[in-house]
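Visitor: Could you take me through one part of this model in detail? I would like to look at the nonpolar patch on the surface and at what surrounds it in the chain.

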Amino acid sequence: MKHFILLTLLFLPLCVSAQEEEKNYYYIIPRAGVTFSTMTGKAVDAKMRPGFMAGVDFDADLKGPWGFRAGLYFASLGAKDAASVEYQQIAGRLDTYKVYSERHDWVMPYLNIPLQMVWHPVKNLSVMTGFQFGFRLNGGNDKKHHYGTSNNSWASIPVGASYDFGPLMLDVHYNFGLTVLSDSKEQHLNALMVSLGYKIKCGIFKNKKPESKFHLPEIGH
């Protein structure tokens, strides 16, 4: 919670008082929510693991329906290892096997920096995609099971949409993992994130365009 408050205060000095003639704005958006992440790849049989996320977005209106959004947030990601099954032949019986099964829970906390272009097709709706880079904050291995991960960073392609309900913003994103976390298994981390944010409007751009200082001389007839 302390880190969440510090992230919000970090962006607040960028705000200035908004005025009616301003058309484009910056927004500071503190947000928090839940995550559902899993691992995919060869020799990986994992299921979704729930977690949480919290951070701050910096959103800017650009020309026309376009915008830009950058953020900094913490997310608890990982996977639940599906039951690992081993078939072993019993001595003297060719048609009988023993099955061994055990589940493991893998937790990976990440600090993430998403950079996205935003498109506003209709009022209050935003569609966005871009690039996200994450830094893992610890080893991220379960005490009973070692996944053999060798990469402490996580690059992904976020694709998502958000809808504004007044100052509240509901955001849904899916992150397609690009980084190979383990060379031996070609593991990729993917995550679904659902969050609720509060938009703080900061007036920056004015609607009026500056007048040109240069004028062509009038030509008489």
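Guide: Happy to, and please keep in mind that this is a predicted model. Let's begin with the loop between strand 7 (104-119) and strand 8 (125-136), where asparagine 124 sits. Although asparagine 124 is not a glycine, its phi is positive, at about 75°. Asparagine 124 is partly exposed, because its relative accessible area of 31% lies between the 20% and 50% cut-offs.

The two strands that flank this loop bring us to your patch, since strand 7 and strand 8 are among the elements that give two or more residues to it, along with strand 4 (66-81). The patch is nonpolar, lies on the surface and consists of Leu62, Trp66, Phe68, Leu111, Ile113, Leu115, Met117, Trp119, Val127, Phe135 and Leu137. Together these residues have about 950 Å² of accessible area. Strand 7 supplies the largest share, with five residues. Leucine 137, another member, belongs to the loop between strand 8 and strand 9 (153-165).

Now for the setting. The chain has one helix and 12 strands, and from the N terminus the order is α-β-β-β-β-β-β-β-β-β-β-β-β. Of its 221 residues, 39% are buried. Among contacts with a separation of 6 or more, 64% join residues 24 or more positions apart. The accessible surface of the whole chain comes to about 13,500 Å², and carbon and sulfur atoms account for 63% of that area.

Notes
Residues numbered from 1 in each chain as written. Predicted model: local features only at pLDDT ≥ 70, side-chain atom pairs only at ≥ 80, totals over all residues. Heavy atoms only, no water. Helix = DSSP H or I, 4+ residues; strand = E, 2+ residues; numbered from the N terminus. Buried < 20%, exposed > 50% of the residue type's maximum accessible area, 1.4 Å probe, protein only. Contact = heavy atoms within 4.5 Å. Areas by Shrake-Rupley, 256 points an atom, 1.4 Å probe, with all protein chains shown as cover. Patch = residues over 30% accessible without salt bridge, like charges linked within 9 Å, V, L, I, M, F, W, Y side chains within 5 Å. Salt bridge = Lys/Arg side-chain N within 4 Å of Asp/Glu carboxyl O.
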